[in-house]
Each structure stands twice: as structure tokens, then as C-alpha cells.
Amino acid sequence: MSRTWYRQGSSLLQEIKETAVGTDEVAFWYLGQLGYVMKGQVTIYVDVMINDHLNEDGTSARWYQPPFSPEEAKADYVICSHNHIDHLAEPTVKGMAAVNPSAKFIVPAGCACVLKDLGIDDAHIIPVNAGATLELPGLAIRTVQTAHPEYAKDEEGNDVSLAFQLEMNGIRLLHPGDTYLTRRLIDELSQLPKPDIFFPPINGQDFFRTERDCIGNLNIIEAAKLSEILDVDLTIPSHFDMFIGNTVDPMEFGRYFMELRPCAKWHVPALGERFIYRK
């Protein structure tokens, strides 16, 4: 699934910087996998991997190269849903920390030690567990524990994998991170305020990927049905395109989604595409 960038490099960085967002809007840009830049009154990077990742033979494991370097990214908040290389990408996080001295890094409490090991000061780390409600400048956050592949905590009882519902300018964006579907997840997400935008991972799981330690996700049917249950306004299928051997055709999601929810909105973003959502 070889892909190329619609916009990248200085052009993309300039667009992110110069995009003016109204008080009833949010803007977001897709950076691949489950990574997004989101902008309201503040700029947030969520689960971005903007570094390369090499196979043992020195070739890239990515279908496409990062759009720019971590040291070029400007953020008020950086959110990582769990400690996997494509969500809490250590070269990305370390590079962003070096050039964003006032940024806050928001992670499951069980992952805070990873940031500390990267040299990020405690004052810039916001560790959270499931059930948290945070009110930050320009941003409100609610969290739910996820199963990836099972519900897990660290030795101190802290969560290691979370879904984040972000609210900016009165618009709620549900970013679930990686997760399997469970009845508990459905029930707990249903208890949150209704999301306007949902970014489900759709790459699914199968025997062969599991056998090579590639943990899966929602499949296209689960993602579409969860969108229906939550009555989401706009669904953005994600996590289908970055790594060789771990892809799925998003058009399959679209075909099923349109049969299930013929009047609902969905969109497959191009890499580096800007999307402005207004309520």
C-alpha cells in the first residue's frame, strides 16, 4: 500500500502554523497510522510517529517516509495512548521535547517512566489513568482504559493503554488509540458525552499477524458498528497504511460503513491533508 504525501515538509508545517481556527471549529491533519495534529486554541500531536523505523536489514519498515522531522514540530500538547513504537515513538517524543520547552506530554500513568527515561522533566509530564477528567488551557480530556490486546496495568496499578476523548471549541474528538473491542469498552465509551469525530483503528487482527507478535485492532465491521453505537457525526478510519505487512484497504471499511450508516459522514484522509470541522 505505497502512499505519498498530499502535503509535507515546510509546506505542511506552515499550513499548520497559519491555519486560523474559529471558535466553533477544529482542524486536523493526518500523519499516518493513528497519528494526527489537531488544532483549536492549542495545537496537539496525538500518537504521531515522525521518525523512520528500520528493519534488521537496514530497510525502512514504513511504506512512506515521515513528513518532517520531530525537531520541526511545534506543539502545546503531545498525547501518546500507549507505549508502542508507532504511538509513543521515542525518537519523535524526544525530538519534540527538545524544541518544545513549554509543551505538556500526556500519557497513561503506566507509560510516564518512558518519558522520564527520555529526559523529559516531571513538570512537563501529565500522567493519567482511566476515568480521568482534565481541564487544561484550550483542552478538556476524558479517558477510558483499552484492551491491547487485554486490559493491563503496571506493577503499581497504573493503566498502560487509554482511549482519549478530547474537547476543543465545544467539539469532541474520540481517539481510542489501539484497542480490541470489548463489551466493557462499548459501555464505558457510551457513558462519555457523544463524540463528534471518531478516529477508529481498522487494521484488525488475524492468526498470521498475531503469530509474529503484531498486535491487532478493531476490524472494519467492529469499527463501523462502534461508530453507529456511539452515534458519531464524522468517522475517520485510521491505522491502515504505515507498516508493510500490517495494512487494510480503507475502502472496505467505507463500503460496509455506507451500508450500515447510509446517512452518516466518513472520510479517508490523504497524508498531510487538512480537514476543518465545524459543528
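Student: Which side chain does Glu25 meet in a salt bridge?
Tutor: The side chain of Arg278, with N to O at 2.3 Å. Keep in mind that we're looking at a predicted model.

Student: Okay, and where in the chain do Glu25 and Arg278 sit?
Tutor: They come from distant parts of the chain: Glu25 is in strand β1 (residues 25–30), while Arg278 is in strand β14 (residues 274–278). That puts the two 253 residues apart.

Student: Is Glu25 buried or exposed?
Tutor: Glu25 counts as buried, because its relative accessibility is 9% and the cut-off for buried is under 20%.

Student: How many salt bridges turn up in the whole structure?
Tutor: A search finds 13. Another one pairs Lys279 with Asp196, where the closest N and O atoms are 3.7 Å apart. This pair also joins distant parts of the chain, with Lys279 in the segment after β14 and Asp196 in the loop between α4 and β11, 83 residues apart.

Student: Which of those is buried and which is exposed?
Tutor: Lys279 is exposed, at a relative accessible area of 56%, whereas Asp196 counts as buried at 7%.

Student: What about Lys194, what does its side chain pair with?
Tutor: Asp231, in a salt bridge of 3.2 Å, N to O. Asp231 lies in the loop between α6 and β12, and Lys194 in the loop between α4 and β11, so the salt bridge ties together parts that are 37 residues apart in sequence. Both count as partly exposed: Asp231 has 40% relative accessibility, and Lys194 has 44%.

Student: Which residues are in a network with them?
Tutor: Arg261 joins in, so to speak: Lys194, Asp231 and Arg261 are linked in a network of salt bridges.

Student: Switching to helices. How do α6 and α7 cross?
Tutor: The axes of α6 (residues 220–230) and α7 (residues 250–260) come within 9 Å and cross at roughly 40°. The crossing is right-handed.

Student: Which residues meet there?
Tutor: On the α6 side they include Ile220, Ile221 and Ala224, and on the α7 side they include Phe253, Tyr256 and Leu260. By class, the contact has 8 nonpolar, 1 polar and 3 charged residues.

Student: Last one: which residues of α2 are buried?
Tutor: In α2 (residues 90–99), they are Thr92, Val93, Gly95 and Met96. They lie on the same side of the helix, because they cover an arc of only 165° around the axis.

Student: And what do they pack against?
Tutor: Three strands and a helix: β3 (43–46), β4 (77–79), β5 (104–108) and α3 (112–117).

Technical notes. Residues are numbered from 1 along each chain as its sequence is written. This is a predicted model: local features need pLDDT of at least 70, side-chain atom pairs count only at pLDDT 80 or more; totals for chains, interfaces and linings use all residues. Side-chain values use heavy atoms; hydrogens and water are left out. Buried means under 20% relative accessible area, exposed over 50%, partly exposed in between (1.4 Å probe, protein chains only). Helices (H or I, at least four residues) and strands (E, at least two) are DSSP runs, numbered from the N terminus. The arc is that of the directions from the helix axis to the C-beta atoms. Contact means heavy atoms within 4.5 Å. Axes are lines fitted to C-alpha atoms, for helices over the stretch in contact, and angles run from 0 to 180 degrees between N-to-C directions. A crossing is left-handed if the near helix is turned anticlockwise from the far one by less than a right angle, and right-handed if clockwise. Ala, Val, Leu, Ile, Met, Phe, Trp, Tyr, Cys and Pro count as nonpolar, Asp, Glu, Lys and Arg as charged, and the others, Gly among them, as polar. A salt bridge is a side-chain nitrogen of Lys or Arg within 4 Å of a carboxyl oxygen of Asp or Glu.
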